[in-house]
Amino acid sequence: MVDTPLTPIEIGLTAAIVAVEDGEPAILVASDDTKGETRAGLPFGPFDPLAHRTFEIGLRAWVEAQTGLAVGYVEQLYTFGDRGRHALPDDTGPHMVSVGYLALTRMPESETALHTARFEPWYRFFPWEDWREGRPAILDKMMLPMLTHWAGGSDRPEPGRALGRRERLRLCFGTGGTPWDEEKVLDRYELLYDAGLIEEARRDGREAALARKPFPALGEAMRFDHRRILATAIARLRAKLKYRPVVFELMPREFTLTELQRTVEAISGRHLHKQNFRRLVETAALVEPTGETSTTTGGRPAARFRFRREVLAERPAAGLRLGGRG
């Protein structure tokens with residue numbers, strides 16, 4: 001019996017670090033100029049099992065060392081281990097497996113400590129996910145015509161898929177009268193990849209992408225599979241808003257209800273009716289008044305609030321159960 005040599009495996013930790021500034025969701029990105037790579041990517045660091053007892057401890061340690069950020073809420077997303085994610089064709093180097101994380105933080109007062117990293121608007125990478133000002137024009141002008149043409153090319157489910165192309169398009173992009181589901185960020189990204197409509201598909205040699213001339217510009221691509229990891233993080237955070245008070249990890253200690261609403265809208269990518277939102281916050285009993293007011297808007301003084309931490313002990317699902325679009 002001949003022993004087959006095993007491919008060495010390296011474990012890395014990839015962080016989707018989210019902050020909100022002036023009502024805009026931002027993601028921390030970094031470029032690796034040492035390798036001539038200017039394309040944006042998520043911060044990435046190795047897991048050192050001798051120095052760190054757990055993945056999360058390792059993540060927090062290298063994030064703070066590299067960026068100066070002490071992240072608050074941290075949640076493991078998924079393990080990303082596709083062979084092509086860090087390797088070139090015929091590459092015989094170690095197989096890189098990355099454990100993806102969602103991390104929330106408040107925007108630092110100065111970005112000078114971030115070194116080569118910087119916060120960028122996440123809708124730069126997913127422009128079709130921002131519905132705050134209405135239905136994004138890119139959907140009807142570019143995406144849906146190309147997706148509809150692609151979906152008409154086959155009625156049978158593809159290998160590994162339970163649904164056919166038309167059904168996936170309907171569920172992911174809300175066609176045929178199906179409502180848009182803001183949580184299906186990853187599903188939409190993967191559908192675009194399979195249809196060969198995003199740069200990552202062309203970079204990976206997908207036939208559907210290589211056949212497209214000219215190639216569409218649908219959001220900015222990222223290094224490796226980092227846009228897929230970011231899509232996973234956005235989807236998870238949008239879902240989490242509805243049953244966990246994670247939004248307060250992105251807020252200052254004191255805030256107005258308008259600032260809270262703008263932050264929820266920024267993350268969810270949807271417009272919320274002001275009075276409905278305030279009734280929702282009041283019913284959920286997530287905040288309490290500080291007795292202070294804010295005049296930063298230049299208008300009538302607005303009451304300031306803070307997160308009411310007692311809610312964590314009162315019920316297990318303390319979130320903002322957003323209803324229909326406002």
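**Exercise 1. Where is Phe224 found, between which two helices?** Work out its backbone and its cover too.

This is a predicted model, so a word on the rules: local features need pLDDT of at least 70, side-chain atom pairs count only at pLDDT 80 or more, and totals for chains, interfaces and linings use all residues. Residues are numbered from 1 along each chain as its sequence is written, and side-chain values use heavy atoms, with hydrogens and water left out.

*Solution.*
- Step 1: Phe224 sits in the loop between H6 and H7. Helices here are DSSP runs of H or I with at least four residues, strands are runs of E with at least two, and the numbering starts at the N terminus.
- Step 2: its phi is near 50 degrees, a positive value in a residue other than glycine.
- Step 3: Phe224 has a relative accessible area of 33%, so it is partly exposed. The scale goes like this: buried is under 20% relative accessible area, exposed is over 50%, and partly exposed is in between (1.4 Å probe, protein chains only).
- Step 4: look along that loop for Pro214, which also lies between helix H6 (207-210) and H7. A cis peptide bond joins Lys213 and Pro214, with omega about -5 degrees.

**Exercise 2. Is Asp22 buried or exposed?** Place it first.

*Solution.*
- Step 1: find the loop between strand S1 (9-21) and strand S2 (24-32); Asp22 is there.
- Step 2: check phi, which is near 55 degrees and so positive in a non-glycine residue.
- Step 3: relative accessibility is 64%, so Asp22 counts as exposed.

**Exercise 3. Which residues does Thr256 touch?** Find its cover as well.

*Solution.*
- Step 1: Thr256 belongs to the loop between H7 and helix H8 (257-268).
- Step 2: its relative accessibility is 6%, so Thr256 is buried.
- Step 3: leave out residues up to four places away in sequence, and Thr256 touches Ser294, Ala302, Ala303 and Arg304. A contact here means heavy atoms within 4.5 Å.

**Exercise 4. How many residues of H7 are buried?** Check its span on the way.

*Solution.*
- Step 1: H7 covers residues 226-240, 15 residues in total.
- Step 2: from first C-alpha to last, H7 reaches 21 Å, close to the 21 Å expected at 1.5 Å a residue. That expected span is 1.5 Å times one less than the number of residues.
- Step 3: 13 of the 15 residues are buried, and H7 is mostly covered.

**Exercise 5. At what angle do helices H3 and H4 pack?** Then do H2 with H4.

*Solution.*
- Step 1: two packed helices are described by the angle between their axes and the distance between the axes. Axes are lines fitted to C-alpha atoms, for helices over the stretch in contact, and angles run from 0 to 180 degrees between N-to-C directions.
- Step 2: H3 (residues 165-173) and H4 (residues 185-194) pack at about 140 degrees, axes 9 Å apart.
- Step 3: on the H3 side the contact uses Arg168, Leu169, Cys172 and Phe173; their H4 partners include Asp187, Arg188 and Glu190.
- Step 4: turn to H2 (residues 137-151), whose axis comes within 11 Å of that of H4, crossing at roughly 60 degrees.
- Step 5: Met143, Leu147 and Trp150 in H2 meet Leu191, Leu192 and Asp194 in H4.

**Exercise 6. How many helices and strands are in the protein chain?**

*Solution.*
- Step 1: the protein chain has ten helices and nine strands.
- Step 2: 48% of its 326 residues count as buried.
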